[in-house]
Amino acid sequence: KILILDFGSQVTQLIARRVREAHVYCEVHPCDVSSDWLRQYAADGTLKGIILSGSHASVYEVDDKAPDAVFELGLPVLGICYGMQTMAQQLGGKVEAGRTREFGYAEVRARGHSALLRDLADFHTPEGHGMLKVWMSHGDKVTALPPGFALMASTEACPIAGMCDEARRFYGLQFHPEVTHTVQGRAMLERFVLGICGARPDWVMRDHIEEAVQKIRAQVGDEEVILGLSGGVDSSVAAALIHRAIGEQLTCVFVDHGLLRLHEGDAVMEMFVGQLHAKVIRVDAADLFLERLAGVSEPEQKRKIIGGLFVEVFKAEAAKLISSGASTKGAKWLAQGTIYPDVIESGGAKSKKAVTIKSHHNVGGLPEQLGLKLLEPLRDLFKDEVRELGVALGLPPEMVQRHPFPGPGLGVRILGEVKKDYADLLRRADAIFIEELRSTLEPHSGKSWYELTSQAFAVFLPVKSVGVMGDGRTYDYVVALRAVQTSDFMTADWAELPYSLLKRVSGRIINEVRGINRVTYDISSKPPATIEWE
Ligand code: XMP
C-alpha cells in the first residue's frame, strides 16, 4: 500500500484517486502522525511508499512537518508542492517565501534522467528540451537543493520545480501531478507507485467490499440502520453494501413521490426485495405530493415543496422505525449514500457567495433531527468507484451506469403545474427516448448513444399545438427532448444526436403516446441554459 500524508490541500483526495486508479491501495492520514505511529504502520512490510501532499498554507504560516520517520524508513517518498518544500527544508535545503503566487497553467522543462520524469514530454522546444504542461499553485519555492539532490525540473519563475535524490528514492514536484491539467500527471504517479515503489496493482473493488463490510459491522454492531432509498446510484450502492454487511438489521425507506420514471418504483422493489432480499418499506406518497403541488407553477416553490415533503414523509416513516422498530430496540443509525464529491461540496469548497440557481433537494441535518448516528460507507469513494462497487456487489450494470436523475424528479421536467396526466404522458415519452438511445449504436465507437451522452430525458411542455393524424385534426401537447454531454454538469453541450435517431424517437412518441403530437429537440448549451428546464 501507499501512504498519503495530508497537509491540507484541497486536492489531496485526487492523489488518492489517481493512486487507486493505478489499482494500488492507499490511505490518507493527517500529516501530524508521529514517527512512532509511522514505524508501526510500516512494520509489516506492506507499505511501499509515501506521498506528501500539498497544503493551502505556506511553510512560513504553518509549521507542519513530515514526521522524521518518513525519511528514515528507506521507502520512496514523493513530495508534492508543500510536500516538496517541507521535504527540502527538513533535509537541509532552502525554501523562500514567494512574493508572487504562481497559479495555473505552466510549462516545465524536465531536467536530467530521473526515474520519475525520464522521457516524459508533451512537446519539445526548438533546442530539443522536453517540456511538460502542468498545473502550478504555490507562493513559496525551493531555492537551494538539499544535499544529495539533483535538479529534476524547472520553469522560468521557479528554477527548482522538481528535485530528486535517486539513491534514496526521494522525489519532489512543485507542480500538481494529481490534477488532470497536468497532462502527464497520471503517468508520473503511476511511475512513482508502480515503478519506483514497486507496489503491486492488485487493489480491486472486490477486496474493498470485504474491508467496507468489516468496517460497517464494527461500527454498527447489532444496532439497526435506516436508509433512504431513492433508486439513484449512490443510495442503491450504499444499500447493497450495508445489506451485504448487516442483512436484516437494515431497513430501507423508499419514498415514492410519484414523479419517478416509467416503472422505476417497481424496478427498485424488484431489485432490492426480489433479488437482494432486503427489507424495503415503500411509501406510496404520490397523491400527497400531487395534492401539495396542485396550483403551484413557480419552479423554486415546486422544488421547495417536493424537498420539504420528501423529508416530512421520510421522517414520519423513520420515526416509526426508531420508536418501535422492526426489533424491540429501535433504529440507531441513518445511512446515507454520501460520496466524496458531496463531502467536498459541503466542506465549503463551493463558494459561499454563489447565488442559488436551483435549490437542490438535500437531506442534510436529518440525522440530528432524528437523533440518529450517521453511517456513510461511500464517503471516500468517487462516482466511478461507486459504480464499480455497485457492479461488484451484483447490482445490474445498466442500473449502476444510469444517467443522474434529479431529486425532485419529473416535478422539474413538467413545466408549470404538475398533474398526474402530464406525468403519465411524460413517463411514456421519456421511456421511448431512453430505449432508442440505448439501442442505437454510434458506429465508430461501438457505444450506444445512451453511453455517449451524460444525461438525456424528455420534458413536458403544457402547451397545445395542432396536428393531423390520419384524417383527423389533433390538438395535443408538446414534449422537448434534452440530451447533453458534460464531464462535470457545471457546463454542458447539447448532444449532436443523429437525425435518424431523432426521427425515430419523434415518430414513436407521436404514434405511441396519444396526447402528444409534437416533439422538439433542445439545442441550448449550459450556460446560459441549465440542463433541467426548471
Ligand atoms: P442543472 O439543471 O442545474 O442541473 O443544469 C445540473 C445537474 O443537477 C441535476 N439536478 C438535481 N439533482 N436534486 C438533484 O439531486 C436536484 O434538485 C437537482 N436539480 C438538478 C440535474 O439533473 C443535472 O444532472
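Strands β6 (residues 102–110) and β8 (residues 130–138) run antiparallel and are joined by 8 bridges. In this pairing, A106 faces V134 of β8. The model is predicted.

## The ten-strand sheet

β6 and β8 belong to an open sheet of 10 strands. The strand order is β2-β1-β3-β4-β12-β11-β10-β6-β8-β7, with mixed pairing. The edges are β2 (26–30) and β7 (123–124), each of which pairs on one side only. In a regular strand, side chains point alternately to one face of the sheet and the other.

Helix α4 (residues 185–196) packs across part of this sheet. The strands that α4 lies across are β1 (2–6), β3 (49–52), β4 (77–80) and β12 (170–173). The angle between α4 and β3 is about 155 degrees.

## An enclosed helix

Why does helix α3 (residues 82–90) count as largely enclosed by the rest of the structure? The reason is burial: 7 of the 9 residues of α3 are buried. These buried residues are Y82, G83, M84, Q85, T86, M87 and A88. The cover over them includes β3, β4 and β12, along with β5 (94–96), β9 (141–144) and β11 (162–165). Just after α3 comes G92, with a positive phi of about 105 degrees.

## The five-strand sheet

A second open sheet has 5 strands, in the order β15-β14-β13-β16-β17, with parallel pairing. Its edge strands are β15 and β17 (373–375), each pairing on one side only. The twist from one strand to the next averages 30 degrees.

Two pairings show the register. β14 (residues 250–256) and β15 (residues 279–284) run parallel, joined by 6 bridges. Within that pair, T251 stands opposite K279 of β15. β13 (residues 224–228) and β16 (residues 331–335) also run parallel, with 4 bridges between them. There, I226 has L334 of β16 as its bridge partner.

The link from β14 to β15 involves a helix. Together with helix α7 (residues 264–275), β14 and β15 make a right-handed β-α-β unit.

Other helices lie across the sheet. Helix α6 crosses β13, β14 and β16, and runs at about 165 degrees to β13. Helix α9 (residues 299–323) lies across β13, β14, β15 and β16, at about 150 degrees to β14.

The table collects the helices that lie across strands.

| Helix | Strands lain across | Angle |
|---|---|---|
| α4 (residues 185–196) | β1, β3, β4, β12 | about 155 degrees to β3 |
| α6 | β13, β14, β16 | about 165 degrees to β13 |
| α9 (residues 299–323) | β13, β14, β15, β16 | about 150 degrees to β14 |

## The annotated site

An unreviewed UniProt entry lists S230, G231, G232, V233, D234, S235 and S236 under "binding site". Two of the listed residues can be followed into the fold.

S235 is part of helix α6 (residues 233–246). Is S235 buried or exposed? S235 counts as buried, because 21 C-beta neighbours lie inside 10 Å and the cut-off for burial is 20 or more. Leaving aside residues up to four places away in sequence, S235 touches L227, G228, L229, S230 and G337. S230 is itself among the positions listed for the site.

S236 also sits in α6. S236 has 26 C-beta neighbours inside 10 Å, so S236 counts as buried. Beyond four places in sequence, the residues that S236 touches are L229, G231, G390, L395 and M399. L229 thus appears among the contacts of S235 and of S236.

## The chain as a whole

The protein chain contains 16 helices and 21 strands. Its C-alpha atoms fill a box of roughly 90 × 65 × 40 Å along the principal axes. Of the 534 residues in the chain, 39% are buried. Among contacts with a separation of 6 or more, 73% are between residues 24 or more positions apart.

## Confidence

The average pLDDT of the protein chain is 92, and 95% of the residues score at least 70. Which stretch stays under 50? Residues 347–354 do, and the model gives them 3 contacts beyond four places in sequence. For the complex, the predictor reports an ipTM of 0.96 and a pTM of 0.74.

Notes:
Residues are numbered from 1 along each chain as its sequence is written. This is a predicted model: local features need pLDDT of at least 70, side-chain atom pairs count only at pLDDT 80 or more; totals for chains, interfaces and linings use all residues. Two strands pair if DSSP finds at least two bridges between them. Helices (H or I, at least four residues) and strands (E, at least two) are DSSP runs, numbered from the N terminus. Two residues are in contact if their C-beta atoms, placed from the backbone, lie within 7 Å. Axes are lines fitted to C-alpha atoms, for helices over the stretch in contact, and angles run from 0 to 180 degrees between N-to-C directions. A crossover is right-handed if, with the strands pointing away from the viewer, the path from the first strand over the helix to the second runs clockwise. UniProt positions are given in the numbering used here, feature names are shortened, and annotations may be inferred rather than shown by experiment. A residue is buried if 20 or more other C-beta atoms lie within 10 Å of its own, exposed if 12 or fewer, and partly exposed in between; C-beta atoms are placed from the backbone. pLDDT is the predictor's confidence in each residue, from 0 to 100.
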